[in-house]
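Me: I'd like a close look at a single part of this model, with the surrounding pieces brought in where they touch on it. Keep it relaxed, but give me the cut-offs as you go.

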Amino acid sequence: STRSKRAPIPKVTGQLSRIAVEQDAIRIERDDKSLSNFKQISSTKMAVPAPLPKNETERLGELMDFDILDTSDEEVFDGITKMAKRLFNVPIVLVSLVDENRQWFKSCIGLPVRETGRDVAFCAYAILNPTEPLVINDALEDDRFKNNPLVVGDPFIRFYAGAALVTSNGFSLGTLCLIDQKPREFTLEDRTRLKKYAYSIVSAMEMRKAIAKAINDE
């Protein structure tokens, strides 16, 4: 019987080599673009962390003495933030306590989280001035905040006003702050009102501390 001949195998080695070289070139170009993009992102300035208060060690000790971090919601604080939200007509109101590496929210209206890193916290700046609120009318116009992740990303902060929570011992433990996603003006009268609300927060904190001490001393 006649044996059937196999079809000759095409010589495609050279073609495959060219394809492989082209694919490698495309991959290298893509990787170079990715690396370039990564370097561009990495070199972009993000948050500018606030300097530490001169009395930072003592301030943190005072904060610990209040034994308030990571505690449950309390109506006395939530009631004040709700009133502030209505008065100032803002979507976000926080009672923020500035810990060593974070800011933690004792009361929180308008945000789905209860803390952020201290390095991105507007409130870390606000505690540096115990007498006057920190007011940022438009965060995109402020070099300290225009590249902050909380400005260029969720919750897209544009307006911020924070009054320091100053204890009777003179320590700024955090702020009562107002946040909006659009620029705003903030009058002298507004600043005075915000300071009064912040004073109410501190009064509630110190009353809470005194009651806890009295119970422990029994």
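Reply: **The sheet and what sits around it**

Let's take the open sheet: six strands in the order β3-β2-β1-β6-β5-β4, with antiparallel pairing. At its edges are β3 (115-117) and β4 (134-136), each with a pairing partner on one side only. On average, neighbouring strands here are turned by 20° against each other, ignoring direction. Strands pair if DSSP finds at least two bridges between them, and both strands (E, at least two residues) and helices (H or I, at least four) are DSSP runs numbered from the N terminus.

Before going further, this is a predicted model: local features need pLDDT of at least 70, side-chain atom pairs count only at pLDDT 80 or more, and totals for chains, interfaces and linings use all residues. Residues are numbered from 1 along each chain as its sequence is written, and side-chain values use heavy atoms, with hydrogens and water left out.

Now zoom in on β5 (residues 159-166) and β6 (residues 172-180), which pair in the antiparallel sense over seven bridges. One contact point to click on is V166, whose bridge partner in β6 is S172. The loop between β5 and β6 holds S168, and S168 is exposed at a relative accessible area of 62% (exposed is over 50%, buried under 20%, partly exposed in between, with a 1.4 Å probe and protein chains only). S168 and E206 are 38 residues apart along the chain, yet their C-alpha atoms are separated by 8.5 Å.

Next comes the helix α6 (residues 188-217), home of M207. Helix α6 lies across β1 (92-98), β4, β5 and β6, and runs at about 40° to β5. For that angle, axes are lines fitted to C-alpha atoms (for helices over the stretch in contact), and angles run from 0 to 180 degrees between N-to-C directions; contact means heavy atoms within 4.5 Å. M207 also joins I211 and I215 in a nonpolar surface patch, with about 310 Å² of accessible area together. Patch members have over 30% relative accessible area and no salt bridge, with like charges joined within 9 Å and nonpolar side chains (Val, Leu, Ile, Met, Phe, Trp, Tyr) within 5 Å; a salt bridge is a Lys or Arg side-chain nitrogen within 4 Å of an Asp or Glu carboxyl oxygen.

Leading into β5, the backbone gets interesting. Most residues other than glycine have a negative phi, and most peptide bonds are trans. The bond from D154 to P155 is cis, with omega near 10°, and P155 sits in the loop between α5 (149-152) and β5. That loop between α5 and β5 also contains F156, a non-glycine with a positive phi of about 60°. F156 counts as partly exposed because its relative accessibility is 44%. Elsewhere, D67 has a positive phi of about 50°, and it isn't a glycine either. D67 belongs to the loop between α2 (56-65) and α3 (75-88), and it counts as exposed because its relative accessibility is 59%.

Zooming out, the chain has six helices and six strands, in the sequence pattern α-α-α-β-β-β-α-β-α-β-β-α. Of its 218 residues, 39% count as buried. Among contacts with a separation of 6 or more, 62% come from residues 24 or more positions apart. The chain exposes about 13,500 Å², with carbon and sulfur atoms supplying 54% of that (Shrake-Rupley, 1.4 Å probe; for residues, only the protein chains shown count as cover).
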